[in-house]
Amino acid sequence: MCRPKISLPKRNRPKRRQAKRSRLEKPQAADRPVNLPRESTAEVGAKERSVRSPLGLKASGCLLALVLLTSVGGCSNSPESEPSGAGGNAASAPSVKTSSGSEKVEPVIQTVARFVDRAGDSGVDFSYRNGQEAGYYSIVESLGGGIGLLDWDRDGDVDLFLPGGGQFGPEQTIDGHPSGVFLNRGEWSFLPVASEAGTAGVATRYSHGAAVGDFDDDGFPDVLVTGYGGLMLWRNLGDGTFENATPGSGLNDARWSSSAAWGDLNGDGHLDLYVAHYVDWSFENNPYCPSKKTGKQDICPPRQFQPLPDTLYLSNGDGSFRDASRQSGLVQQGASGKGLGVMMCDIDLDGDLDIYVCNDTVPNFLYRNDGRGRFREVAMQSGAAVSETGVPEGSMGVDLGDYNLDGRLDLWVTNYERESIALYRNDGPGMFRHVSHIAGLTTIGGLFVGWGTSFLDFDLDGDEDVFVSNGHVIRHPSEAPLRQLPLLFENRQGRRFANVAPAAGDYLSSPHMGRGVARGDLDNDGDIDLVVCHTNEPVAVLENRTRRQRRHWLGVHLIGTAAKTSRDAAGAIVTISVKGLADQTRQVKSGTSYASSNGPRLTFGLGEASVVKRVEIHWPGGGTQVLGPVDCDQVLVVRQGAVGN
């Protein structure tokens, strides 16, 4: 299939500082296995320059034309060989371990899903630590950490940024553990490079989340780390190192922050920032709370504390920020909600970014943007604030996806035990209906404390499935296990979800202290992998080994280039049309899950179709691009074109 030849003016990239060589070398192209992506010559009139970093990385600062195509294999419909250990449909019921160590047999729902934890053999040896050994029973211990996925060195592979947590000192002090940085060298080989990157040994704050965004618009993703005691902003210098850009940034927020999200909220082309805060815990406000199960001391519930107000920062355009919480309308509307998960997205499809905030034990927030960075809180009247019975829940993780393929994006929110996952179906315009019962989500019971979550089409059949990470927050729970099973919901034709986790591999059939999760294609094979953070347990790096069954995929990576569009293009909407399947709609979002950031690529499952008839992109602030037909099994890197193209 011939692709359209497209030629648009090039946009020069900023110059990067001269970089040095390092003793650490990333494998050269000739050494890397042949099944990694290779760039085709489909780009028009563009050349690429490279910068060699201190780590020996190839950091590409590209002068790209409109579309760069990256392909893996071809679009043959011949059956593929099964990966070693991938398995297939589970034929027998797996033994599922409980937190007490006993085993019970779970009913098995047949599935092709298969995920394998590759952390141990890929070089990712890292654990988030919460400091519980100090014996303070602080609610700070309960939040855990998130995951940041980013292409740190601009080589096309997704790298890892992992907040480290913290510890409590004997004299009522609280300190942080350093964040981990792992360089993806391809073929499931990660290199720990925190020391070389400059993040090792720098941990003045107890950390939780990793919010990835290119705040200085230089093409290299930066990371904001949330936590107790304030924020830390890591600027990616593009030479294989980070620098602490917090001093002088204006991000002088010292409140206890859980999650954050980047996005251009006022349409000036610069990334702004929303920071969610939790509660007013301190050593002076650390009451004794007895366990219902044992009567001994346990972590106090959030209802024991007062909420902290969230903060909205607007960019000054020079790498610094100003607190615009009052200017934007947050203060006047009482933006204090014990915030956990945060998501920026265009929820009403009007071309600007809105904000959804998961709150613990109080109603969730939905801030609708007027296009100029002023917000109106509309969650309650929109139907997306509370449970089906009108009760606020313990909401922690969030994502947005079109589960029923009607073109409207629906909200998915994870909640506390004895509360169902909340699926808010978008009935438009701007109105949601709680449909968890209709979608079968209440059948899993109320034993789960849900955290990070993500829409993903794990089997490439053209509809979005959902992963949920679970784990309790107190030491001695009385009504649910401490370590909990993850959930993998397979989408059944946009009507109902079925949990297939027990049959999807050892990791998904074992309990964990799950917290944040992020999705991304870690091995560039077209399907979506997962990285999961646990409390006081090693991070899991889950390779998707789901049997393909002659199915294909398309990846889309958007780069905003217009004067009033950020490079990250949060809020951009992509709809594809494929013969034999319903149209699929995805949106570039910021935040989502819990305290985590997904990889930059949108992935579409194509079923057995080998050609995408049409790719339609709606950019933030207006402007549409249409491409097609496009071959399958490749990544489209699309730079923003002229309005109306």
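Which side chain does E464 meet in a salt bridge? Hold that thought for a moment, everyone, and thanks for coming. One thing before we go on: what you see on the screen is a predicted model.

Back to the opening question. The partner of E464 is R586, and the gap from N to O is 3.5 Å. This salt bridge ties together distant parts of the chain, with the two positions 122 residues apart. E464 sits in the loop between strand 32 and strand 33, while R586 belongs to strand 41. Are these two charged residues buried or exposed? E464 has a relative accessible area of 5%, so it counts as buried, given the cut-off of under 20%. R586 comes out at 7%, and therefore it is buried too.

Now let's compare that with another pair, R418 and E479. Their closest N and O atoms are 3.0 Å apart, and they form a salt bridge. Here again distant parts of the chain are linked, with the residues 61 apart. R418 lies in the loop between strand 29 and strand 30, and E479 in the loop between strand 33 and strand 34. The setting is another matter, though. R418 has 62% relative accessibility, which means it is exposed, since the cut-off for that is over 50%. E479, at 34%, falls in between and is partly exposed.

A few more charged contacts are worth a look. E616 and R614 make a salt bridge with an N to O distance of 2.7 Å, and R614 is partly exposed at 37% relative accessibility. Then there is a network of salt bridges, made up of R118, D121, E543 and R545. Over the whole structure, the search finds 21 salt bridges. As a reminder of the chemistry, side chains of opposite charge can pair when their charged atoms come close.

Let's turn to the cysteines. How many disulfides does the model have? The count is 1, and it joins C289 to C300, with the sulfur atoms 2.0 Å apart. The link is right-handed, with 100 degrees about the S-S bond. C289 is in strand 20, and C300 is in the loop between strand 21 and strand 22, 11 residues away. Both ends are out of reach: C289 is buried at 8% relative accessibility, and C300 is buried at 4%.

Two other cysteines deserve a mention. C345 is buried, with a relative accessible area of 1%, and C533 is also buried at 1%.

That's my tour, so over to you for discussion.

Key:
Residues numbered from 1 in each chain as written. Predicted model: local features only at pLDDT ≥ 70, side-chain atom pairs only at ≥ 80, totals over all residues. Heavy atoms only, no water. Disulfide = S-S within 2.5 Å. Helix = DSSP H or I, 4+ residues; strand = E, 2+ residues; numbered from the N terminus. Buried < 20%, exposed > 50% of the residue type's maximum accessible area, 1.4 Å probe, protein only. Salt bridge = Lys/Arg side-chain N within 4 Å of Asp/Glu carboxyl O.
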